[in-house]
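Welcome to a short tour of a protein chain. Take a moment to look over the sequence and turn the model around before reading on.

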Amino acid sequence: RGITAEYGDYTWTYKTDYTLSGYADKTTYKTLALALKACAKSSMCNGVTKQGTKKYRIHTGSTPSSKSGYTVYIKGGLKKATRTMYNINEFWTVKAPYTLAKGKLKAYKTEAAAYTACAENSKCKGFTRTGAKAYTTHSDATLTESQGKLAYIKGGEFVLAKGYMWD
């Protein structure tokens, strides 16, 4: 049994005195953060092993095996989050890591421009942030899981209690 933690866009289960088989690359990383980041970017990587002081490797194997002194971090599912926001006189449900994959309308370079355009267009159901300066409005609110993306959907639910809005 391991302990689950979140880092980047993934959940990770870590166990002491275990390792994984097969290296996903030839690099030895000096920090856990660098190794987890490399593993998260690699579709071949299933986990990270701490093999010693400042010595981390990323692995293709997914089944832990006993190895004294090692610690394994097994890549799990994408971390999911949902928030409700109020902007441009609308409630919006913001979901990560998702994209609106259907019904593309128009691309924008700023979040503010995408909010405004979508709020003013009755056909627009929401927009997706696909990059630092890349937003696309959509006429369909169907969600698809996609690492590093944010979906903004018109509408949302909230509770008002003691003068505060809670999502």
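## A tour of the chain

Let us begin in the loop between strand S3 (47–52) and strand S4 (55–59), where Lys54 has its place. Lys54 is not a glycine, and yet its phi is positive, at about 55°. Most residues other than glycine have a negative phi, and most peptide bonds are trans. Is Lys54 buried or exposed? Its relative accessible area is 60%, and a residue counts as exposed over 50%, so Lys54 is exposed.

Keep in mind that everything here comes from a predicted model.

Asp17 also has a positive phi, of about 65°, without being a glycine. Asp17 sits in strand S2 (residues 10–19). With 37% relative accessibility, Asp17 is partly exposed.

The peptide bond between Ala96 and Pro97 also deserves a look: it is cis, with omega at about -10°. You can find Pro97 in the loop between S7 and strand S8 (98–100).

### The whole chain

Now step back. How many helices and strands does the chain have? There are two helices and 15 strands. Of the 167 residues in the chain, 34% are buried. The chain exposes about 10000 Å², and carbon and sulfur atoms supply 51% of that area. Among contacts with a separation of 6 or more, 64% are between residues 24 or more positions apart.

### A sheet of six strands

Six of the strands form an open sheet in the order S6-S7-S13-S10-S11-S9, and their pairing is antiparallel. Which strands lie at the edges? They are strand S6 (81–87) and strand S9 (104–108), each of which pairs on one side only. On average, neighbouring strands in this sheet are turned by 25° against each other, direction ignored.

Helix H2 (residues 111–120) packs on the sheet. The helix touches S6, S7, S9, strand S10 (126–131), strand S11 (134–138) and S13, and its direction makes about 160° with that of S10.

Let us look at some of the pairings inside the sheet. This table gives three of them, each antiparallel.

| Strand pair | Bridges | Residues opposite each other |
|---|---|---|
| S7 (residues 90–96) and S13 (residues 150–154) | Four | Thr93 and Ile153 |
| S10 and S11 | Five | Phe127 and Thr137 |
| S10 and S13 | Four | Thr128 and Ala151 |

S10 and S11 are also joined by a hairpin, which passes through two residues.

### A closer look at Thr128

Thr128 is found in strand S10, and it stands opposite Ala151 in S13. Why does Thr128 count as buried? Its relative accessible area is 1%, and buried means under 20%, so Thr128 falls in that class.

What surrounds Thr128? Leaving out residues up to four places away in sequence, Thr128 touches Tyr98, Thr99, Leu100, Ala134, Tyr135, Thr136, His138 and Leu150. With one of these residues, Thr99, there is a polar contact between the two side chains, at 3.4 Å.

In a regular strand the side chains alternate between the two faces of the sheet. You can keep this rule in mind as you follow a strand in the viewer.

### Two disulfides

A disulfide is a covalent bond between the sulfur atoms of two cysteines. The structure holds two disulfides. Counting bonded cysteines along the chain, the pattern is 1-2, 3-4.

One disulfide joins Cys39 to Cys45, with an S to S distance of 2.0 Å. The torsion about its S-S bond is about -95°, so the disulfide of Cys39 and Cys45 is left-handed. Cys39 is buried, at 0% relative accessibility, and Cys45 is buried as well, at 0%.

Another disulfide is formed by Cys118 and Cys124, whose sulfur atoms are 2.0 Å apart. The link of Cys118 and Cys124 is left-handed, with -95° about the S-S bond. Both Cys118 and Cys124 are buried.

Terms used. Residues numbered from 1 in each chain as written. Predicted model: local features only at pLDDT ≥ 70, side-chain atom pairs only at ≥ 80, totals over all residues. Heavy atoms only, no water. Pairing = 2+ DSSP bridges. Axes fitted to C-alpha atoms, helices over the stretch in contact; angles between N-to-C directions. Contact = heavy atoms within 4.5 Å. Buried < 20%, exposed > 50% of the residue type's maximum accessible area, 1.4 Å probe, protein only. Areas by Shrake-Rupley, 256 points an atom, 1.4 Å probe, with all protein chains shown as cover. Polar contact = N/O pair within 3.5 Å; in protein donor to acceptor, adjacent residues only side chain to side chain. Disulfide = S-S within 2.5 Å.
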